[in-house]
Amino acid sequence: MPKTLLIGWDAADWKVISPLIDAGEMPNLKHLIENGVMGNLATLYPVLSPMLWTSIATGKRAHKHGIHGFSEPDPASGGARPITNLGRKTKAVWNILNQQGLRSNVIGWWPSYPCEPINGVMVSDHFKDAERDYLAEDGETLNPWPLRPGHVHPEALRETLAEVRVHPQELDGETLQLFVPKAAEIDQAKDKRLHSVAKIIAEAASVQAAATYVMQQGDWDFTAVYFDAIDHFCHGFMRYHPPRLGWVSEADFALYKDVVNSGYRFHDMMLGVLMDLAGPDTNVIICSDHGFHPDHLRVQEIPNEPAGPADEHRHFGVFAACGPGFKRDELVFGATLLDITPTILRLYDLPVGEDMDGRPLLQALREPTPIALIPSWDDVPGDDGRHPEDVRIDPVDARESLQQLVDLGYIEDVGEDRKQVAETTVKELRYNLARDLADLSLIHISEPTRPRLVSRMPSSA
């Protein structure tokens with residue numbers, strides 16, 4: 001049975017890619033497209049990446065999979081923490097494959113911390129996060145940059161993979177000039193944007209290094225690799241992308257106009273390496289959770305509301321695939337990000353869950369056999385590589401349970417600041433859930449909690 005390589009490029013957009021392919025600057029993606037299929041991939045609302053990438057990995061919308069935002073309450077501190085996978089309440093595609101005895105590698109998926117004990121390797125989305133003050137001026141290491149438990153499974157690989165990470169301070173000027181040709185002219189004491197470029201490059205290189213190492217270390221059936229770099233390049237530097245808009249200064253445009261295109265070229269280079277390692281008999285899928293406005297629709301000011309930067313996103317991302325399971329030189333119409341997991345299941349001749357919101361992209365498959373269905377993969381017993389049930393939590397319920405203990409005097413009140421952060425986090429999670437239900441015209445499902453969803457949100461909700 002052919003292997004499958006799923007590559008996630010957050011915010012990738014055909015409006016940027018197509019001119020680069022035409023100019024010969026993304027040869028690896030061009031090769032993939034010419035030997036496979038391509039099309040737009042419709043996103044979901046709200047356009048928030050942790051929700052969307054979990055939908056890609058499960059084939060289900062947020063109200064079914066349980067991931068509703070960027071952060072969640074932290075029962076330990078009483079404050080908030082970056083979103084984890086502990087609140088995900090359904091199986092991801094790698095859990096389904098785990099039950100079939102198939103080996104998966106999952107690198108950097110958002111969210112994937114703490115790593116699940118799958119049959120294979122998992123590297124968390126926080127694996128790449130760099131610490132400050134890593135090197136002294138003489139190049140000696142000041143901070144050993146430890147990799148804490150929970151970021152790599154199996155644990156035996158943690159120290160090895162920690163060594164392959166790239167820190168922003170390790171990048172040389174020649175590398176930075178590929179993205180900012182006039183980098184030497186920047187006063188970095190006043191302008192921190194070059195450091196931002198370095199950070200994005202290093203984080204993507206760390207994910208690539210982990211993926212290439214793992215892919216070469218043992219047999220695997222499915223590998224998923226997620227990169228957030230295009231999204232970060234775009235949020236930081238799309239305003240300087242050609243053509244120059246009237247509200248962008250000529251000086252800033254001259255310095256940073258090449259960053260976004262260079263980021264795409266960088267991803268094409270990494271794609272070539274991943275495809276070579278996967279081999280020609282592997283099904284390769286590239287997708288993005290949404291696009292990013294590169295033209296006159298670029299946003300000058302970000303709205304002051306939860307997840308305001310999402311206004312820069314475009315409703316359509318990218319889908320491209322090639323390999324023994326896909327047709328050649330075909331366009332795919334009507335695809336949504338909910339269709340990725342059902343399509344992968346068909347590549348493995350596995351049934352699709354009736355509770356999934358997506359469908360297999362049969363028009364893209366070389367041999368579109370009839371769809372087999374199963375009521376729900378969540379009802380199938382067996383080792384699925386998820387966290388034990390006593391570890392999985394509903395973060396909103398966890399926060400409310402914590403507050404009950406505070407009110408009863410069983411634990412110490414952690415103070416107003418942390419409580420306020422946690423309360424705001426809960427509001428945003430409920431707000432995002434309400435938007436997901438409203439987008440599907442299912443707001444009536446949450447009627448018992450609707451007053452809590454909206455009554456304490458700002459008027460913009």
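**Exercise 1. The setting of Asn28**

Task: Determine how exposed Asn28 is in this predicted model, and which residues surround it.

Solution. Step 1: The relative accessible area of Asn28 is 27%. Step 2: Buried means under 20% and exposed means over 50%, so a value in between is classed as partly exposed. Asn28 is therefore partly exposed. Step 3: Asn28 belongs to helix 2, which spans residues 27–34. Step 4: Leaving aside residues up to four places away in sequence, Asn28 is in contact with Asp268, Met269, Leu271, Gly272 and Met275. Step 5: Val197 stands 169 residues from Asn28 along the chain, and the C-alpha atoms of the two are separated by 23 Å.

**Exercise 2. The nonpolar cores**

Task: Identify which residues touch the most other members of the largest nonpolar core, and state which helix supplies its largest share.

Solution. Step 1: In soluble globular proteins, nonpolar side chains tend to be buried together. Step 2: The largest nonpolar core holds 69 residues, and Trp9 and Leu29 touch the most other members. Step 3: Helix 8 (residues 193–217) provides the largest share of this core, with twelve residues. Step 4: A separate core of 48 residues lies apart from it, including Leu41, Leu44, Cys115 and Leu345. Step 5: Among the contacts of Trp9, not counting residues up to four places away in sequence, are Met26, Leu29, Trp53, Phe227 and Leu271.

**Exercise 3. The largest cavity**

Task: Describe the volume and the lining of the largest cavity.

Solution. Step 1: Rolling a probe the size of a water molecule over the atoms shows where empty space is left. Step 2: The count comes to five cavities of 30 Å³ or more. Step 3: The largest cavity has a volume of about 60 Å³. Step 4: Its lining includes Trp53, Thr54, Asn85, Arg88, Trp110 and Pro111. Step 5: By residue class, the lining of the largest cavity comprises eight nonpolar, three polar and one charged. Step 6: Helix 3 (residues 49–58) contributes the most to this lining, with four residues.

**Exercise 4. Cysteines without disulfides**

Task: Explain why Cys115 and Cys234 form no disulfide.

Solution. Step 1: A disulfide is a covalent bond between the sulfur atoms of two cysteines. Step 2: The cut-off applied here is a sulfur pair within 2.5 Å. Step 3: For Cys115, the closest cysteine sulfur is in Cys287, 20 Å away, which is too far for a bond. Step 4: For Cys234, the closest cysteine sulfur is likewise in Cys287, at 16 Å, again too far for a bond. Step 5: A search of the whole structure finds zero disulfides. Step 6: Cys115 counts as buried at 10% relative accessibility, and Cys234 counts as buried at 1%.

**Exercise 5. Backbone exceptions**

Task: Locate two cis peptide bonds and two residues other than glycine with a positive phi.

Solution. Step 1: Most residues other than glycine have a negative phi, and most peptide bonds are trans. Step 2: The bond from Tyr45 to Pro46 is cis, with omega near 0 degrees; Pro46 lies in the loop between strand 2 (36–42) and helix 3. Step 3: The bond between Trp110 and Pro111 is also cis, with omega about -10 degrees; Pro111 is in the loop between strand 5 (104–107) and strand 6 (120–123). Step 4: Ala11 has a positive phi near 75 degrees and lies in the loop between strand 1 (4–9) and helix 1 (14–22). Ala11 is buried, at 0% relative accessibility. Step 5: Asp329 has a positive phi near 55 degrees and is placed in the loop between strand 12 (316–322) and strand 13 (330–332). Asp329 is exposed, at 61% relative accessibility.

Notes
Residues are numbered from 1 along each chain as its sequence is written. This is a predicted model: local features need pLDDT of at least 70, side-chain atom pairs count only at pLDDT 80 or more; totals for chains, interfaces and linings use all residues. Side-chain values use heavy atoms; hydrogens and water are left out. On a 1 Å grid over the protein atoms alone, a cavity is a set of points where a 1.4 Å probe fits but cannot get out, and a pocket is an open set with protein on both sides within 12 Å along at least five of seven lines; lining residues have an atom within 4 Å of a point. Grid points are joined across faces, edges and corners, and a volume is the space filled by probe spheres set on the points. Helices (H or I, at least four residues) and strands (E, at least two) are DSSP runs, numbered from the N terminus. Ala, Val, Leu, Ile, Met, Phe, Trp, Tyr, Cys and Pro count as nonpolar, Asp, Glu, Lys and Arg as charged, and the others, Gly among them, as polar. A nonpolar core is a set of buried Ala, Val, Leu, Ile, Met, Phe, Trp, Tyr and Cys residues joined through side-chain atoms within 4.5 Å. Buried means under 20% relative accessible area, exposed over 50%, partly exposed in between (1.4 Å probe, protein chains only). Contact means heavy atoms within 4.5 Å.
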